[in-house]
Amino acid sequence: MKRVLFISSTGGHLNELLQLEPLFKKYKSYLITEKTKTNINLKNKYDNVSFLVYGTKDHLFTYIFKFLYNIIKSLILYIKIRPKVIVTTGTHTAVPMCYIGKLFGSKIIFIETFANSTTKTLSGKLVYPIANTFIVQWEEMLKLYPKAIHAGWIY
């Protein structure tokens with residue numbers, strides 16, 4: 001069974017990613033997000049859940065160390081899981097995993113967030129060049145990402 005890694009930061013990006021839950025049963029699925037009080041119960045609902053450290057750029061000094069830690073932890077998780085496909089809705093939590101996956105031959109599927117209909121996200125800008133499939137939820141976004149696929153809303 002194909003191993004698929006679903007990864008995103010917490011909050012709205014995770015909410016979007018969880019809309020793909022029907023796919024979780026079709027594959028040997030793994031879910032990675034940031035550990036917060038609001039999503040710690042994901043371990044009770046899904047079999048293969050791992051957490052990265054929650055960080056926000058509002059606290060830049062500590063964020064740098066948390067981000068570096070998450071890069072190392074992402075590498076360890078990647079080696080442990082060895083996914084064939086990485087699916088993400090972003091953001092900073094997912095970018096290192098996408099680059100690690102690309103380096104080791106995984107296919108990268110990036111879904112640009114529903115929240116942006118006229119501007120690129122930073123994670124979208126960073127992952128667009130390496131994504132095998134780049135999906136936008138708004139038709140207007142095709143002007144910004146010409147090689148993207150407009151798939152409509154995942155809600």
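The exercises below, each with a worked solution, concern a predicted model.

**Exercise 1. The sheet**

Task: Determine in what order the seven strands form the sheet, and which strands stand at the edges.

Solution. Step 1: the seven strands are arranged as 3-2-1-4-5-6-7 in an open sheet, and their pairing is parallel. Step 2: strand 3 and strand 7 (149-150) each have a single partner strand, so one side of each lacks a neighbour in the sheet and these two stand at the edges.

**Exercise 2. Strand 2 and its partners**

Task: Describe how strand 2 pairs with strand 1 and with strand 3, and state how many of its residues are buried.

Solution. Step 1: strand 1 (residues 3-8) runs parallel to strand 2, with five bridges between them. Ile 7 has Ile 32 of strand 2 as its bridge partner. Step 2: strand 2 also pairs with strand 3 (residues 49-52), again in the parallel sense, over four bridges. Here Thr 33 stands opposite Phe 51 of strand 3. Step 3: strand 2 covers residues 28-34, and six of its seven residues are buried, which leaves the strand mostly covered.

**Exercise 3. Strands 5 and 6**

Task: Find how many bridges join strand 5 to strand 6, and in which sense the two run.

Solution. Step 1: strand 5 (residues 107-111) and strand 6 (residues 133-136) are joined by three bridges and run parallel. Step 2: one position in this pairing is Ile 111, which stands opposite Ile 135 in strand 6.

**Exercise 4. The two faces of helix 4**

Task: Compare the span of helix 4 with the expected value, then explain why its buried residues line one face.

Solution. Step 1: helix 4 (residues 60-81) has 22 residues; its first and last C-alpha are 30 Å apart, close to the expected 32 Å. Step 2: its buried residues include Tyr 63, Asn 70, Ser 74, Leu 77, Tyr 78 and Ile 81. Step 3: viewed down the axis of helix 4, the buried residues lie within an arc of 95°, so they line one face. Step 4: on the face turned away from the buried side, Phe 61, Phe 65, Ile 72 and Ile 76 are exposed. Step 5: the cover over the buried residues of helix 4 includes strand 1, strand 2, strand 3, strand 4 (85-90) and helix 5 (95-103). Step 6: just after helix 4 comes Arg 82, with a positive phi of about 50°.

**Exercise 5. Helix 5 on the strands**

Task: State which strands helix 5 lies across, and its angle to strand 4.

Solution. Helix 5 lies across strand 1, strand 2, strand 4 and strand 5, and runs at about 160° to strand 4.

**Exercise 6. Aromatic pairs**

Task: State how many aromatic pairs the structure holds, and classify the pair Tyr 63 and Phe 67 and the pair Tyr 128 and Phe 134.

Solution. Step 1: there are 12 aromatic pairs in the structure. Step 2: the rings of Tyr 63 and Phe 67 are 5.8 Å apart centre to centre, with 25° between the planes, and this pair is stacked. Tyr 63 and Phe 67 are four residues apart in helix 4, so about one helical turn separates them. Tyr 63 is buried at 10% relative accessibility, whereas Phe 67 is partly exposed at 25%. Step 3: the ring centres of Tyr 128 and Phe 134 lie 5.0 Å apart with planes at 90°, so this pair is edge-to-face. Tyr 128 is buried at 16% relative accessibility, and Phe 134 is buried at 4%. Step 4: ring pairs link Tyr 128 and Phe 134 with Phe 110 and Tyr 145 in a cluster.

Terms used. Residues numbered from 1 in each chain as written. Predicted model: local features only at pLDDT ≥ 70, side-chain atom pairs only at ≥ 80, totals over all residues. Heavy atoms only, no water. Buried < 20%, exposed > 50% of the residue type's maximum accessible area, 1.4 Å probe, protein only. Pairing = 2+ DSSP bridges. Expected span 1.5 Å × (residues − 1). Arc of directions from axis to C-beta. Contact = heavy atoms within 4.5 Å. Axes fitted to C-alpha atoms, helices over the stretch in contact; angles between N-to-C directions. Phe/Tyr/Trp six-rings, centres within 6.5 Å; stacked < 30°, edge-to-face > 60°.
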